[in-house]
Amino acid sequence: MIAFKSTMGTFLKDLKMLSGDILPLQAMDFTRTLVKGLDSVFYYNYTTFLNEKTRERIPLEDLPYNGIQKYKDIRKRMRLERTGLSISPIDKLISLIEKEKKPKHLGGHNGSHFTVAEVTGRSQRIDMSNDDYGVIVGHRKNTEKAFREFNSGTIDVLLINQSGSTGASAHSSKDFLDQRPREMLIHQLELDINVEVQKRGRIDRTGQVHLPGYQYIVSDIPLEKRLMSMLKGKMKSLDANTTGSQNTNDDTLESPDFFNKYGDKVAWQWISEHPEKMDILGYPTYRYIRVKKEKVRVRKDSKEGAMLQLTGRAGLLQVEDQESLYNDLFERYENQIKLEKQNGTYDLETEFLRLDADVKKRFLYAKGSGGTTPFGKDAVREQTIINNLRRPYTRKEIDKRIYEKLQGNKPVQLRKEFENKLLEKYPKIIASRKEKRLETLKKLKDDRDTLPKLGSGADAQANEKIKSDLEKIEQLIASKTSDMAMYIAGLEATQSKILDYVSMWDIGDVVRVPFVGSLESSWGIYLGISIGGKMSNPYTLSNISLQFLVTDSRKQVTYNLQPAEQAYISQIFTESKNITDADREMVELEWNALIKKASKKRERRQILTENIVKVSYKIGSKNKLIKYNTKDNRIKSGILMNREFGQEGEKNGALYPISHGYITISSLENEAFFEDHKVLVRFKRISDTLFKVYISKKGLWKASVDEKLRVLLFREAHEHSDSLPEFIQNAGEMTARLHKDNLEAFLKRLDFYKLQFLGEAKELEDWEVENKEDWKSRSQQDKGEYKYALGRAYGQGTNPTVGFTNYIEPTTAFPFGIVVYNRALLDKERYNYSLKPIFESLREPYMIWKNSFAQNAPKKLFNDVVRKARTLKLHEAINLLGNFIIENLHEEGNAEFVLGDYTIAKLGRIFYEDTIAEISEIEELISQLQIALEQ
């Protein structure tokens, strides 16, 4: 089955041809449609004050001289064009299918060619069986016959549009002769989702023996991506209303759905950043107001619909510009969704989490209204042990990431390198953009110069038109010049802004990162800059992001430099301004202790489930609506409460109806209180038999006048026996006394007002052993210990932070102290920070050098120097071998940063003893005498 939206039947009607008329091949070219489309732009709808609507046409003569010439030129080129496309694509398709031979194994009828039937509303079609011309033939819709023949196998292909989208069935039913699997090819998307679903429903029915397939045939033109995105959004909404899931059609329609509030936010920002595009796009998200009789363009009050408006105008751009726009919007949208999820504010879909939830206790959280429907059930709070899916990086993992970023360089070096590249390349980008706009201005000026000269018209009216045309183009030139100046200024401002933000921190800096929805900021470490994949201009605000590793469950947060996210970065900067050196040292050395609470493999969390609608008010930035799995392989829906949920005691208890508090209230000591969890009602024991009841006037006024409650109250001496006891107002509360014999009945009546109290609930701890073992394996540091002598006073920036474990105070031998690492520092790091390695003995650096030299240098070079040393005096041999090591270091940098504090003589001596012979005391004495004699 092939589905259409439009058959172009109206166009055939406009030809005003009769059945049997011949259409030459050239007359059937699609260029006729283009010419009709060109003429249609002159028409507009006009509505009078009396609401009378007419279709009007702008006379061609009303266009400026250049416009008239352009119209004539376009029309001429259209008429000369030959597209190779048919004026009636549906008839061309029918012709191609009917000419195709049908393989026998496909089933159905026994004919040699495919057969086609059409269920549409058009009255004429073109017979294209002849290759040289087409014949106009009448067409009459017979829906019942077409579907009957399709279901019996007589017809192989059925073409339908809205006319054939309702009523009849074409699924592979057990009741039909032809039970082959059905496949629908959809060429054009319906804007009305109901029509689209009806069309799809022709081959998807109850009682089918095979599931149907659907293929959407969409071109690469970006504007069609918009239609697919719109369709997916509508299908999601329909799925949510009919199946309770928004993801039913995710596999059917592989297209991003960004027509939502987050997409609108992205589109609004894109429009703000691209004022130079607004002329051609028609200023989406803007409206006109009157200011002193002048029309002024202003931004709309709401962002709603911004993406729909922006992409709706995208068809006015060149295809490559459409592609660029959509790619940019898709990338920004993905970043926005990541940001929302990162901040815990994403609420478009129910997220599935693999929690392996183990329910430990279940408590009534909100009493349902009763009945047989799910909406009458109770809302239940489940104490569950779940997987912690967002565990922060350990110190070891952070060190690895920083190490990979730095590659031995100093953090400040990488930042300076980025800044220098920006300062070098960005002016070239500005110059390139400016040149393109200057070309546009030049074309406008050239157009102006081709206009007739002022006063050269044949009469006054012609001269007035020439003057008007010149004024319009001068205004356009002035506007474009102004826009260009603003655009270039905006680019320069962007460069300045990028430099401002990237210079705030260097990799490894300690920061404070605010957590949305929490009063406390988390400690974090700056991981540096991340640049997206844009090649034409990588230096845009949306393409550059700053990364932070944090001690909380977010694990890592990333903010790009778009205005919408700059506020988050500025908050981090403000929170981090007062960090002290002691804070930095504490975070670097105690990171694992800071993350321990958020790093448990399994954690206790509260999930509200069952009647979620009852507690839907709890869903927000802190509490997430989720689907999740349990340990016994069930899939459930619920509200995952935030970790801080119930700090006032609610998390460690359960909400019970107020009537369940009877025993607790009955057991109160004198002057002791009991209250519901919202403090709407309080009970105070005032004697062995009496309680004082306090009801909130504002929150529970109706209860204070409830006759079923008043009849239970203790009658005071001044109250008449013919009337019910009264509550007495006392400030913001209504008070009365209650006898203990009426307490139970009083509480049961209060259940009518859905009052609850927080009761005690015990917790299980058997899962904490698993956490302890997992934490031990994750937080264990590398066992190696590498010491380095500092070259200057210890402080911020004197040594790398990755792998740093300890600082040893200065001594006589090491005047600036020693820094200790759990890894060997790179040669670049030792050189950049002036850190000299400290070895246990001279043999250690020598063996490292020897093994490296043996693997990377010619063996002959090593043997030759040893052979030559054998022929020399001892002190000469030692000097030769020591210098050989220094001149052939296995790492880059000065010898002291590779080998530590060892002299050439000491290096040469161990080289000599390792390759030639041990040096005896007598040989040592003779060597010293020879040196003395030579001096």
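**Rings, charges and two open sheets**

Let's start with a tryptophan: Trp849 has a relative accessibility of 1%, so this residue counts as buried. Keep in mind as we go that this is a predicted model.

What does Trp849 pair with? The ring of Trp849 and that of Phe862 have centres 6.5 Å apart and planes at 35°, so the pair is tilted. This pair links distant parts of the chain, since Trp849 belongs to helix 23 (residues 843-856) while Phe862 belongs to helix 24 (residues 859-870), 13 residues apart. Phe862 is also buried, because its relative accessibility is 15%. Both residues belong to one aromatic cluster, made up of Tyr846, Trp849, Phe853, Phe862, Phe884 and Phe911.

Zooming out, a search of the whole structure turns up 28 aromatic pairs. Take Phe752 and Tyr753: their ring centres are 5.1 Å apart and the planes make 85°, which is over the 60 degrees needed, so this pair is edge-to-face. Are these two partners buried or exposed? Phe752 reaches 51% relative accessibility and therefore counts as exposed, whereas Tyr753 comes in at 19% and is buried. The cut-offs are under 20% for buried and over 50% for exposed, so Phe752 at 51% and Tyr753 at 19% get different labels.

Aromatic rings also turn up with charged partners here. Arg554 lies over the face of Phe515, 4.2 Å from the ring centre. In the same spirit, Arg682 has its charged end over the ring of Tyr694, at 4.5 Å from the centre.

Now for the sheets. One is an open sheet of five strands, ordered 23-24-25-27-26, with antiparallel pairing. Which strands stand at its edges? They are strand 23 (673-675) and strand 26 (728-730); each has a single partner strand, so one side of each lacks a neighbour in the sheet. On average, neighbouring strands in this sheet are turned by 30° against each other, ignoring direction. Strand 23 pairs with strand 24 (residues 681-685) in the antiparallel sense, over three bridges, and Phe673 stands opposite Lys684 in strand 24. Helix 20 (residues 743-750) packs on this sheet, touching strand 24, strand 25 (690-696) and strand 27 (733-739), and the helix direction makes about 170° with that of strand 24.

The loop between strand 23 and strand 24 is where you'll find Val679. Its backbone is worth a look: phi of Val679 is near 55°, a positive value in a residue other than glycine. Most residues other than glycine have a negative phi. At 42% relative accessibility, Val679 counts as partly exposed. Asp356 also has a positive phi, near 50°, and is likewise not a glycine. Asp356, however, is found in a strand, namely strand 13 (residues 351-366). With a relative accessible area of 27%, Asp356 is partly exposed.

The other sheet to visit is open too, with four strands in the order 30-31-29-32 and antiparallel pairing. Here strand 30 (804-808) and strand 32 (836-838) take the edges; each has a single partner strand, so one side of each is left without a neighbour in the sheet. The twist from one strand to the next averages 30°. Strand 30 pairs with strand 31 (residues 818-821) in the antiparallel sense over four bridges, and Tyr807 has Val819 in strand 31 as its bridge partner.

Key:
Residues numbered from 1 in each chain as written. Predicted model: local features only at pLDDT ≥ 70, side-chain atom pairs only at ≥ 80, totals over all residues. Heavy atoms only, no water. Phe/Tyr/Trp six-rings, centres within 6.5 Å; stacked < 30°, edge-to-face > 60°. Buried < 20%, exposed > 50% of the residue type's maximum accessible area, 1.4 Å probe, protein only. Helix = DSSP H or I, 4+ residues; strand = E, 2+ residues; numbered from the N terminus. Lys NZ or Arg CZ within 6 Å of the ring centre and 35° of its normal. Pairing = 2+ DSSP bridges. Axes fitted to C-alpha atoms, helices over the stretch in contact; angles between N-to-C directions. Contact = heavy atoms within 4.5 Å.
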